Amino acid sequence: MSVVVVSIDSLICEDLEYLARMKHMGPYLEKAGCMKVVPIYPTYTYPCHVSLVTGCYPDKTGVYHNCSFPGKAWQWDSSVVKVPTVFDLARRAGLAAAAVCWPVTGGADMDFLVPEAWAEEEGGDPDPVFGRLCSEAGFRYYLRHKDLLDWMRTPGMDLFASSCFCDIMRENDVDLAFVHFSYLDHQRHRNGVASGVNAEALSFIDERMGEVFSAAGDDAEIIVLGDHGQRGFSRFFSLRKLLDDMGLGERILVHSCSMSAQVYLSGIPEDEAGAILSDIMTGHPGLVERILTKSEAREHHHLSGSFSFVLEAADGVSFSDDMDKGVVFPSGVSHAAHGYLPRKGPFPPLCVKNRRLLAEWCDSVDIAPTVMSLFDVDMPCDGKVLEMA
């Protein structure tokens with residue numbers, strides 16, 4: 001038996017009714033058990049995907065943003081993850097594992113690895129990046145299909161992911177396989193949240209899923225899930241520009257997670273910075289919903305890092321690092337985002353082929369231990385094994 005886990009970035013439960021009418025996902029969903037997933041905070045792609053393969057919250061994984069700070073480099077390399085992953089446990093159990101375009105897996109010890117990555121600059125040569133991050137066998141599949149890549153853009157990245165993944169599955173005996181598709185997320189940012197306005201992206205995903213189903217084979221245990229939802233917004237708030245205008249831009253540093261922001265301090269006491277942020281919240285109503293201290297973020301949301309505060313945006317607002325468009329400005333072509341507190345929804349689904357799930361809800365940290373339980377491998381983590389029939 002092989003277990004295949006497919007992450008459709010930004011897939012939400014409301015999409016399932018739409019997908020149920022499609023050629024490939026329709027028959028799958030007829031026989032799949034589905035439940036709603038509460039993601040981790042922030043509902044951001046890289047932290048979410050790390051929690052999906054570790055069963056741990058960001059206060060343990062050490063991954064709480066897509067990018068490092070202050071360098072803002074994309075966190076491609078698995079060495080930043082501070083706890084064991086399903087791939088580590090698979091290696092110890094003698095299982096052959098594969099991951100294609102799964103975030104934060106670069107350099108991980110597995111048989112077939114083609115991580116999510118791209119050339120450092122648009123138009124640059126991606127070979128050195130993938131050569132460093134892929135497994136030896138994975139790099140051969142990268143070379144076979146790299147012409148499908150269009151830097152970091154979709155749908156090229158998803159066409160590349162599907163092609164590499166399907167060849168790996170058809171040509172090798174793989175026990176545990178993960179693949180990540182991101183086109184729906186990119187289109188949802190541009191079009192908004194509703195399934196109907198993302199019809200083309202959902203149709204595209206259905207075609208990729210048909211390829212995955214065919215390559216995995218009828219006997220595979222196939223799990224389809226989303227990593228986070230998205231919410232619509234109409235305004236950007238550049239807290240960074242506001243602080244810069246106040247002469248505080250080098251002392252109170254902002255790292256946007258779209259609908260939340262992580263705030264770092266340099267040479268300013270925490271109580272003073274907290275008072276300044278509170279004054280900003282009061283003086284600019286309707287932009288910031290709440291301010292969390294570091295201890296509050298850890299205690300209530302399992303989120304910790306080298307930041308001092310976390311700011312949650314008000315409904316209809318997304319943080320921006322843009323310094324050129326003013327403090328508050330219209331959203332333009334970007335109409336939905338994530339990074340918000342996970343209980344706000346909408347929620348991603350977890351769907352398991354030919355299984356009945358015995359609850360309506362789960363936490364995203366429950367997925368990794370549940371996957372490993374299918375191989376009778378225990379995974380110490382924050383999550384629990386879900387009951388299935």
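**Exercise 1.** Find the residues in contact (heavy atoms within 4.5 Å) with Val4, leaving aside its neighbours within four places in sequence.

*Solution.* Start with Phe165, Met169 and Ala177, which are among the partners of Val4. Then add Val212, Ala216, Ala220, Glu221, Ile222 and Ile223. A word on the source: this is a predicted model, where local features need pLDDT of at least 70, side-chain atom pairs count only at pLDDT 80 or more, and totals for chains, interfaces and linings use all residues. Residues are numbered from 1 along each chain as its sequence is written, and side-chain values use heavy atoms, with hydrogens and water left out.

**Exercise 2.** Work out how helix α9 (residues 183-191) packs with α10.

*Solution.* First take the axes, lines fitted to C-alpha atoms over the stretch in contact, with angles from 0 to 180 degrees between N-to-C directions. They lie 9 Å apart at an angle of about 180°. Angles over 145 degrees count as roughly antiparallel, so α9 is roughly antiparallel to α10. Next, list the contact: Tyr183, Leu184 and Gln187 of α9 meet Glu200, Ala201, Leu202, Phe204 and Ile205 of α10.

**Exercise 3.** Describe strand β8 (residues 252-256) and its surroundings.

*Solution.* Begin with burial: four of the five β8 residues are buried (under 20% relative accessible area, 1.4 Å probe, protein chains only), so the strand is largely enclosed by the rest of the structure. Now look at pairing (at least two DSSP bridges between two strands): β8 and strand β9 (residues 260-265) pair in the antiparallel sense over five bridges. Ser256 has Ala261 of β9 as its bridge partner. Finally, the two strands form a hairpin with three residues between them, and Ser258 in the turn has a positive phi of about 70°.

How values were computed
Parallel < 35°, antiparallel > 145°, perpendicular 65-115°, else oblique. Buried < 20%, exposed > 50% of the residue type's maximum accessible area, 1.4 Å probe, protein only.
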